[in-house]
Amino acid sequence: MTKLKRIFAVTGVVFLLGMYLLTFISAILATPNTHSLFLGSLAATIIVPIFLYAYTLIYKVVYKDKGKQEDIEKDN
């Protein structure tokens, strides 16, 4: 589970940094899409972490028995 969390966390960070970089470059170049890109970055800043958190909660609920079995096997 921790390896999967790390993968999703890194993916989320890369996605958000890419959105910020794209918005920053667009603002410097003063393209007509700057406002839309800023709003997209703002929405992604809020939505991406929420989806990642929701995914981890759902994963815990779906695979909770498997995790308990693995913990029991490690103890023995």
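Start with the protein chain as a whole, coloured by secondary structure: this predicted model has three helices and zero strands, and from the N terminus on its elements run α-α-α. If you then colour the chain by pLDDT, the predictor's confidence in each residue, you are looking at a chain whose mean is 78, with 83% of its residues reaching 70 or more. Confidence is highest in helix H2, at a mean of 83, and lowest in helix H3 (residues 64-75), at a mean of 60, a contrast to keep in mind when you reach that end of the tour.

Next, switch on the surface of the protein chain, which exposes about 6,300 Å², with 71% of that area supplied by carbon and sulfur atoms. Of the 76 residues in the chain, buried ones make up 13%.

Now select helix H1 (residues 2-29) together with H2, and ask how their axes lie: at roughly what angle do they cross? The crossing angle is roughly 175°, and the axes come within 9 Å. Because angles over 145 degrees count as roughly antiparallel, H1 is described as roughly antiparallel to H2. Colouring the residues of this contact by type shows 15 nonpolar, eight polar and two charged ones.

Stay with these two helices and pick out single residues. Threonine 23 belongs to helix H1; is it buried or exposed? Its relative accessibility is 10%, and because buried means under 20%, threonine 23 counts as buried. From there, select threonine 34 as well, which lies 11 residues away from threonine 23 in sequence, while the C-alpha atoms of the two are 6.6 Å apart in space.

Move on to leucine 42, which you will find in helix H2 and which is partly exposed, with a relative accessible area of 42%. With tyrosine 20 added to the selection, you can compare positions along the chain with positions in space: leucine 42 and tyrosine 20 are 22 residues apart along the chain, and their C-alpha atoms are separated by 9.0 Å.

For the last stop, display the side chains of Tyr55, Tyr59 and Tyr63, which ring pairs link into a cluster. A search of the whole structure finds two aromatic pairs. A pair of aromatic rings is described by the distance of the centres and the angle of the planes, and both values can be followed here. Tyrosine 55 and tyrosine 59 form a tilted pair, 6.2 Å from centre to centre and with 35° between the planes. How many residues apart are these two in helix H2? They are four residues apart in H2 (residues 34-62), so about one helical turn separates tyrosine 55 from tyrosine 59.

Keep tyrosine 59 selected and turn to tyrosine 63: the centres of their rings are 4.7 Å apart and their planes stand at 45°, so this pair is tilted. Finally, colour the three tyrosines by accessibility, where tyrosine 55 is partly exposed at a relative accessible area of 35%, tyrosine 59 is partly exposed at 22%, and tyrosine 63 counts as partly exposed at 41%.

How values were computed
Residues numbered from 1 in each chain as written. Predicted model: local features only at pLDDT ≥ 70, side-chain atom pairs only at ≥ 80, totals over all residues. Heavy atoms only, no water. Phe/Tyr/Trp six-rings, centres within 6.5 Å; stacked < 30°, edge-to-face > 60°. Buried < 20%, exposed > 50% of the residue type's maximum accessible area, 1.4 Å probe, protein only. pLDDT = per-residue confidence, 0-100. Areas by Shrake-Rupley, 256 points an atom, 1.4 Å probe, with all protein chains shown as cover. Axes fitted to C-alpha atoms, helices over the stretch in contact; angles between N-to-C directions. Parallel < 35°, antiparallel > 145°, perpendicular 65-115°, else oblique. Nonpolar A, V, L, I, M, F, W, Y, C, P; charged D, E, K, R; others polar.
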